[in-house]
Amino acid sequence: MKSSKGAYAVRGGRRRSRRRADMPLLGGIRPPIALLCVLILALAALTAKVLGPGKETAAPRAVLSSQQYFAEDGAIAMRASIDERVTDLNRTARALSEGSPVKPERVLADLGRAYQKWTGTTVVDLKSGDVLAARGESIPLGWLDKGVLTGDRALTPRMVRLETGDVRLMTMAVLDWDDRPQQLLIASSGLSVPAISLGPFRTMAVAAKDGEILATAGFERAEGLNSDQERKELAFLQKQMSRLSGQAAARAERHPVRTKEPGSRGYPGVSGTLVGGEYNGRTALAGYASLASANPEEKKSAAAGLGLTVVALLPVVQQSDGEQDRGRGLYGLAVSGVLVLLGLLAVAVLWATVQRPLLRLFLESRRIARGNLTRPVSVPRRGEAARIGSALERLRQQLGGEGRGPVSRRRSRVGGRGSLALTAALLLLWCLPVGLLLNRTDGSVSVPTTMVNDQRDRTDLIADRLRRALNEAHADLVSTARLIGADGGRGGGGADGGDATGRLLKETLRTHPRYQALYLVDGDGDGDPAARAGGSPHAWDRDKALPPVRVSGKGDRKPVIQAGAPVPGREGATLVGEIRVEFLNSLLARPGLGEIRVVGPDGLTISANGGYLAFEKLPGQALNDLARAAAVRTGAGPVANGLLIRKGDGVTVAAAAPFSGGGVTADIGWTVVSRQNAERFQITPYEREDRSVLAGMLGLAAIILCLGWIHLVVVRPLRALAAGAEKLVDGDLKSVLYPRYQDEVGAVVRSLELLRQQAQAHRQGRARRISDPEPDLDPDPDPGFIGDFDFGINTDINTDTDTDGR
């Protein structure tokens with residue numbers, strides 16, 4: 001009883017072994033065809049979704065992103081302004097402390113003439129607490145305590161509320177002379193929104209950590225409203241601004257890294273968009289951005305620690321597609337249905353021409369290897385399967401003693417590759433039209449007016465930021481020149497900068513990386529500069545008709561941007577600073593504006609945010625006309641203009657903003673010109689085009705993946721097997737057939753290898769019988785018969801042995 005159970009266990013083990021050897025695991029023809037079916041169905045579902053009706057939104061994503069960019073631009077401008085105030089005050093205090101003591105009234109007078117950015121300044125004696133001098137707005141001192149002057153946050157900017165309710169930013173620096181008590185220099189300034197054109201509807205606000213609005217811009221037009229409806233709408237916007245500012249301030253408390261997608265770059269602080277309420281068909285959209293350092297890892301920002309958030313609010317008309325969306329749903333279903341039909345045809349082709357013949361070969365080869373030679377081989381009609389089937393039929397005839405018979409070799413130049421090509425052609429009938437022809441846009445695409453206005457307003461903001469940066473550079477030179485002339489030069493010359501003037505220039509150059517060189521030019525203009533720091537100086541033209549900030553170096557590789565300030569007490573002496581072009585280029589690097597260029601009065605390029613040639617013309621006559629039109633004075637001065645350019649199948653949004661406002665750079669004639677292709681906008685027509693291209697590319701990827709898999713795992717090994725089978729029936733018994741994969745093709749290879757081994761063993765035995773004559777058991781053998789195959793030999797190799805031992 002035990003022996004029978006043991007024998008049954010052995011036979012069962014053999015059965016399981018045979019099944020494991022015959023059954024494909026991860027390879028074979030079935031998995032790639034099944035994967036192709038799954039991918040086609042998944043792609044059809046995805047196509048029906050992405051090409052169907054879009055999600056109901058208050059405005060296109062491009063409009064929302066534009067509000068976020070606008071808020072980021074405002075935050076960058078405010079952060080740079082606050083940091084510049086802190087830097088200027090600290091640098092002035094250090095420079096004064098290194099020289100002879102100066103009266104407090106003189107300190108404030110020189111500070112006021114050099115910079116017009118503070119509403120009030122005060123000098124306080126730290127030992128006694130007395131006010132030594134004060135200019136401008138009265139500064140309360142009740143907020144001064146030990147925590148302000150000591151600790152980790154000593155002398156950092158503070159926000160103080162005045163008795164009038166207004167909030168002021170207090171900046172502090174210490175004046176320290178050896179023979180006098182320390183003095184505290186305090187400068188007060190308002191938290192104002194950048195003075196730019198906000199358009200007829202946009203408003204901006206600066207919010208504190210608790211959501212309180214500290215400053216606004218855009219609401220001051222209330223006095224010019226003529227109807228109750230307009231006043232109600234303005235009141236609605238004010239309520240929305242108050243509510244959305246609180247939400248923005250709460251979101252700004254999050255960590256910047258956690259608010260962005262992994263690996264994304266861009267604004268270093270927290271920024272985003274908010275959707276407010278609706279009134280009179282308009283929805284309030286807001287973008288917000290917290291004040292953050294330009295590079296937190298390298299340079300800390302004093303403004304970033306104030307907890308301020310800039311909010312930009314714009315009411316837009318809500319768009320509703322309605323009937324068009326319902327039509328898009330049927331449209332997406334139709335495209336998906338076509339994909340399913342073509343996919344079914346492609347799968348049917350693979351099943352009829354590759355899978356079914358291969359499975360038939362698999363069964364026929366196993367039958368012949370087991371010794372069942374009575375039934376002819378069912379030979380497939382075409383391809384490599386037909387060649388292998390013909391070889392198996394010849395083997396069956398030889399093994400069955402029927403003779404060689406007529407040699408019939410079915411060679412097909414197409415074979416499995418032709419099936420794959422036909423399948424790919426069927427699927428490409430859907431992929432190519434969808435990816436290349438469906439939902440294509442042209443020059444008639446409707447671009448929201450908001451995008452044109454935002455391009456214009458953001459370009460104006462960039463121009464204002466650039467103008468302020470140049471004004472700050474000139475103000476720094478004026479302040480430094482006054483410090484040089486305070487003591488009659490404090491040391492005189494020395495081109496190497498080794499004296500006090502040279503040290504001051506080096507300190508200024510180190511503090512302000514906007515300069516590439518600083519040098520003092522004497523009145524006679526002969527010889528080298530009296531003192532210098534940085535790179536090699538260029539010639540300074542003393543023509544008084546030229547503006548204090550000018551451009552030279554035409555014909556060179558880089559423009560030379562110079563700013564000069566006269567030195568008091570030294571007749572004809574001028575402190576010249578050369579501004580790095582890279583500094584101006586960095587101010588233009590903002591997302592969502594495309595290509596930005598700064599051109600002079602002659603329309604030649606001075607700076608840009610991308611690759612350009614110095615002093616080259618603007619690309620296209622339309623941009624030249626736009627820049628000239630923006631520079632024309634209308635009313636109070638030149639204004640920014642926006643333009644939608646339709647040329648051929650492309651649409652471009654362009655804007656030009658001239659320098660306007662105060663400062664020495666207001667009249668230098670520079671203009672900021674920006675343009676970007678409307679294809680970058682996240683609006684419905686371009687999004688549908690992108691989705692169509694994506695669907696076509698996904699279909700192409702599915703074709704390459706699945707058909708490439710079939711070619712590598714099935715078709716190519718099958719072609720090699722066909723060649724090996726034909727050699728075997730021609731008498732080549734020495735070439736060993738190795739199965740590459742554990743699949744149907746591998747099973748056919750194993751069967752042919754078993755037949756080759758048996759034929760080789762029979763040939764060796766027959767040769768021994770001829771050399772040692774014995775009674776002939778078969779006196780009339782068939783000359784075309786290879787030999788009697790003994791299926792009992794090599795049982796260790798033949799894993800296809802029946803369970804009963806036969």
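Is strand β14 mostly buried or exposed? Hi everyone, let me answer that one straight away. β14 is mostly covered, with six of its seven residues buried, where buried means under 20% relative accessible area, exposed over 50%, and partly exposed in between, using a 1.4 Å probe and protein chains only.

A word on what we're looking at. This is a predicted model, in which local features need pLDDT of at least 70 and side-chain atom pairs count only at pLDDT 80 or more, while totals for chains, interfaces and linings use all residues. Residues are numbered from 1 along each chain as its sequence is written, and side-chain values use heavy atoms, with hydrogens and water left out.

Now, back to the sheet. β14 belongs to an open sheet of five strands, ordered β12-β11-β15-β14-β13, with antiparallel pairing. Strands here are DSSP E runs of at least two residues, helices are H or I runs of at least four, and both are numbered from the N terminus; two strands pair if DSSP finds at least two bridges between them. At the edges sit β12 (531-534) and β13 (549-552), each pairing on one side only.

β14 itself covers residues 560-566 and is joined to β13 by four bridges; one partnership there is V549 with A563. Towards β15 there are six bridges, and Q562 of β14 has E578 as its bridge partner.

Helix α11 (residues 500-511) packs on this sheet, touching β11 (515-521), β12 and β15 (574-579). Contact means heavy atoms within 4.5 Å. The direction of α11 makes about 155° with that of β11; angles run from 0 to 180 degrees between N-to-C directions, with axes fitted to C-alpha atoms, for helices over the stretch in contact.

Next, a helix pair. The axes of α9 (residues 415-436) and α14 (residues 684-729) come within 9 Å and cross at roughly 175°. That makes the two helices roughly antiparallel, a label for angles over 145 degrees (under 35 is roughly parallel, 65 to 115 roughly perpendicular, the rest oblique). Among the residues making this contact are L420, W430 and V434 of α9, and L700, I703 and H711 of α14. The contact residues divide into 14 nonpolar, seven polar and two charged.

Finally, confidence. The chain averages a pLDDT of 80, and 81% of the residues score at least 70; pLDDT is the predictor's confidence in each residue, from 0 to 100. It stays under 50 over residues 489-498, and pLDDT is also under 50 over residues 774-806. Where pLDDT is low, the predicted coordinates should not be read in detail.

Definitions and conventions: Ala, Val, Leu, Ile, Met, Phe, Trp, Tyr, Cys and Pro count as nonpolar, Asp, Glu, Lys and Arg as charged, and the others, Gly among them, as polar.
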